[in-house]
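Got the viewer open? Let's take a slow walk through this protein together, one part at a time.

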Amino acid sequence: MVRADLLDHIDQVLRLSMKSDKPFGGLPMFWIGDLYQLPPVISSQEEKFYLQNKYGSPYFFSSDVFKELHDFELIELSKVYRQKEMKFIRLLNKIRNNEIDEDDLDEINAQYKTSNLSEEEGLFRIHLCTLNKVAQAINLDRLSKLSTTAHIYQAQKSGIIHHTQFPADEQLILKPGAQVMLLRNDPQKRFVNGSLAIILHLKTDVVAVQLEESGEIVEVEAFEWQMIKYKTNTSDFGSIQTEITGSFKQLPLKLAWAVTIHKSQGKTFERILVDMGSGAFEFGQAYVALSRCTTLEGLRLAKPLKLSDIKTDERIVDFMNHYR
């Protein structure tokens, strides 16, 4: 997901820091990623226009520095860890490579159930949506249906921090019984960023939750995120020093009956409900959504998947074929 312009920026910083005109200052680079998942984020029309005109694509391999690399080596990892069922892996690979046919689509769409999910079946099933406003509406609707008492947790902010940098909700409304997602890795390794849980008890400064995976009950306290600015050390030219410019303190939780497919990238869930809305609008969107689930049985579709929902960027295919 590293954009071409960001990779060029990293290259320039390293050339200056290492006092070398070689790509990345002569340092060896090791990159890990999956190009068949969601592409780099472009947040405005201006950015889209700039990237299209300067680079041709937002991908890292369109960067200026990549053209200077003459010893780039592609290593493909083939072992699948999230899924074990060969049938499900085969279907996901066909979606990933945009090789799916009508028969494959019928197999996936067998997971579309016309009847509503029961309350028991819906517990710990996360709803993946294409749009943030849809996810927010689902979460607020589910929260309103809980008869328990709500508590509002207001974030504490200091220094310079823009609302687009908020790592959690500025105003977090929770109720006992709410399904939430953890937003930080636990130092004691009881949960990770993306773990699901159910709220049990609310206190002023701490929230007790029951984790989905282990069933363990843990208490979650507020966490402070720091906004850091990097600058060159004037007394030691070439070295980089950090400066804390702001902070944001809040419970590392968010309502999680529903999240966007973008937010789900990198996560693993036992049971999901996928809603492509009016259709996929991004490359790799359907593949990312479906592949979050560990089993085909754990997958449900809010509406049947369409062939038009399967989108693969041909620039990715060309790049992969070139270096294979």
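**Loops, cores and a sheet**

Let's begin with Asn-98, which is partly exposed, with a relative accessible area of 36%. Keep in mind as you look that this is a predicted model. You'll find Asn-98 in the loop that runs between α3 (86-96) and α4 (102-109). Now check its backbone: phi is positive here, about 60°, even though Asn-98 is not a glycine. What's worth noticing about that? Most residues other than glycine have a negative phi.

Lys-19 gives you another case to look at. Its phi is near 55°, again a positive value in a residue other than glycine. This residue sits in the loop between α1 (4-18) and α2 (45-54). Is Lys-19 buried or exposed? Its relative accessibility is 60%, and since anything over 50% is called exposed, Lys-19 counts as exposed.

Next, let's head inside. The largest nonpolar core has 33 residues, and the ones that touch the most other members are Ile-108, Ile-126, Leu-128, Ile-272, Val-274, Leu-290 and Leu-299. Which elements give two or more residues to this core? They are α3, α4, β1 (126-129), β6 (196-202), β13 (272-275), α8 (285-291) and β14 (299-301). The largest share, five residues, comes from α8.

To get a feel for this core, click on Ile-272. Skip its neighbours within four places in sequence, and Ile-272 is still in contact with a whole list of residues, including Ile-126, Leu-128, Leu-290 and Leu-299. Among its other contacts are Arg-125, Ala-289, Cys-293 and Arg-300. There's also a second, separate core, made of 19 residues, and it includes Leu-143, Val-180, Val-207 and Val-218.

Hold on to Val-180, because we'll meet that residue again in a moment. Look for an open sheet of five strands, in the order β8-β7-β6-β5-β11, with antiparallel pairing. Why do β8 (217-221) and β11 (253-255) each have one side without a neighbour in the sheet? These two strands stand at the edges, so each has a single partner strand. From one strand to the next, the twist averages 45°. As a bit of background, strands of a sheet pair through backbone hydrogen bonds, either parallel or antiparallel.

Finally, zoom in on one edge of the sheet. Here β5 (residues 179-182) and β11 pair in the antiparallel sense, over three bridges. Val-180 has its bridge partner in β11, and that partner is Leu-255. So this is where we meet Val-180 again, a residue that the second core includes too.

Notes: Residues numbered from 1 in each chain as written. Predicted model: local features only at pLDDT ≥ 70, side-chain atom pairs only at ≥ 80, totals over all residues. Heavy atoms only, no water. Helix = DSSP H or I, 4+ residues; strand = E, 2+ residues; numbered from the N terminus. Buried < 20%, exposed > 50% of the residue type's maximum accessible area, 1.4 Å probe, protein only. Core = buried A, V, L, I, M, F, W, Y, C linked by side-chain atoms within 4.5 Å. Contact = heavy atoms within 4.5 Å. Pairing = 2+ DSSP bridges. Axes fitted to C-alpha atoms, helices over the stretch in contact; angles between N-to-C directions.
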